[in-house]
Structure formats: C-alpha cells, structure tokens
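Welcome, and please open your viewer. We will go from the whole chain down to single residues, selecting as we go.

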Amino acid sequence: MDPRTAFDPHNAQPSPPRASVGTGVCGEVEGLAAEAERLMRDGLWELAPGDAVLALRTASGLAKAVGPADRQAFLPSIDRLEQLREAMAVLAIGIARTHGQLAWFLSRASTALAPVLHWRTLPADPRQAFGTVVPTPGELTDAEDAVRRLQAVLDHAAAATPIAEDGSAA
C-alpha cells in the first residue's frame, strides 16, 4: 500500500453510509456484501495470505453448515435452525482467529445473522421461552440465503491472494 494514501487515524474521515439493500437478514448481508465488494474494487481491502486462508476456511465452514437451497427447504425447521446456528459458530471462530478488516467483516456478518439467536422451533409457553420466537419458513430461507452470500464474498475476497497448494499462506 502506498504510504501517502495509508490510513491516518488522526486525520480520519467519517465512514461512508452503509448500504441498505433490503429487509431481513439477507438485506443486511447484501448491504455488507456491497460494502466489501466496493472496498475490494477500490483496493481498500486486500487480505494478507493468512487472512485469505482463514477466509477460505470460513467460507468452507459456512457452505458445510448451510447446504444448497434446493435441499435446505425440505429439511425440518429444527434442522435448518441447527445449521444456521452452526454458521454463527463458524463466524465466531473466524472472528476469534483474526483482527482488522476481516474480523470487522465477520463481526458485522454475525450481527446481521443475530436474529437466528432469537429463534426456536420447539413449542414453548412464551412466558418461559426467554423471548425466543418461531421463525417463518421464509425467515429461515432468508437467513440461509444470507449465509450463502457471505460464503461468496469470502471466496471472492480470498481469490485475489496467493495461497500455497497445501492450503497455507504462499
């Protein structure tokens, strides 16, 4: 990075407004994805080789947690919710293993998926359900699509960084 254009925290400008694309979890993630893609396009977010490896592992973990849309819709709600919580765990592990822009991206992704943490599929007396609610099938699909979009952004972010064939930083 050119030192003349490097970030100076003492002369920082306010962050540009975040894009708001739609509603729901997928809308939040789409805004985050648009921001990440703009930063990559403008050369303001380039992953270090170690972060690229972590981004690929996180993307792979997200893909394993939430399967293809055509199979996902046929699963029972309890399984779909379990898989969404697994995706949240994948993001949390990624956050714990990095810092800087990748950590910020993963943290905001987790925040966008936070409604998943308030969902339940088991019947419960609302007075004893700790404020959880039963999601609609559409809400489950929305969150699953958001996870797939996060996977795509992480794959794209890592693609520009050379990684050795053994999966380590090149």
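This tour moves from the overall fold to the core and then to one residue in a helix. Keep in mind that the model is predicted.

**Stop 1: the whole chain.** Show the chain as a cartoon. You should find six helices and zero strands, so from the N terminus on the order of elements reads α-α-α-α-α-α. Now switch on the surface: the accessible surface is about 10,200 Å², with 57% of that area belonging to carbon and sulfur atoms. Of the chain's 170 residues, 35% count as buried.

**Stop 2: the core.** Select Trp45, Phe105 and Leu150. In the largest nonpolar core, which has 39 residues, these three touch the most other members. Next, colour the helices α1 (24-41), α2 (49-65), α4 (77-96), α5 (100-112) and α6 (137-159), since each supplies at least two residues of this core. Which helix gives the most to this core? That is α6, with nine residues.

**Stop 3: around Phe105.** Keep Phe105 selected and add Leu32, Ala36, Trp45, Leu150, Val153 and Leu154. Phe105 is in contact with these residues, leaving aside its neighbours within four places in sequence.

**Stop 4: Val90.** Move to helix α4 and select Val90 there. Is Val90 buried or exposed? Val90 is buried, because its relative accessible area of 13% falls under the 20% cut-off. Add Thr58, Gly61 and Leu62, which Val90 touches, not counting residues up to four places away in sequence. Finally, pick Ala59: Val90 and Ala59 are 31 residues apart in sequence, and their C-alpha atoms are 8.8 Å apart in space.

Key:
Residues numbered from 1 in each chain as written. Predicted model: local features only at pLDDT ≥ 70, side-chain atom pairs only at ≥ 80, totals over all residues. Heavy atoms only, no water. Helix = DSSP H or I, 4+ residues; strand = E, 2+ residues; numbered from the N terminus. Buried < 20%, exposed > 50% of the residue type's maximum accessible area, 1.4 Å probe, protein only. Areas by Shrake-Rupley, 256 points an atom, 1.4 Å probe, with all protein chains shown as cover. Core = buried A, V, L, I, M, F, W, Y, C linked by side-chain atoms within 4.5 Å. Contact = heavy atoms within 4.5 Å.
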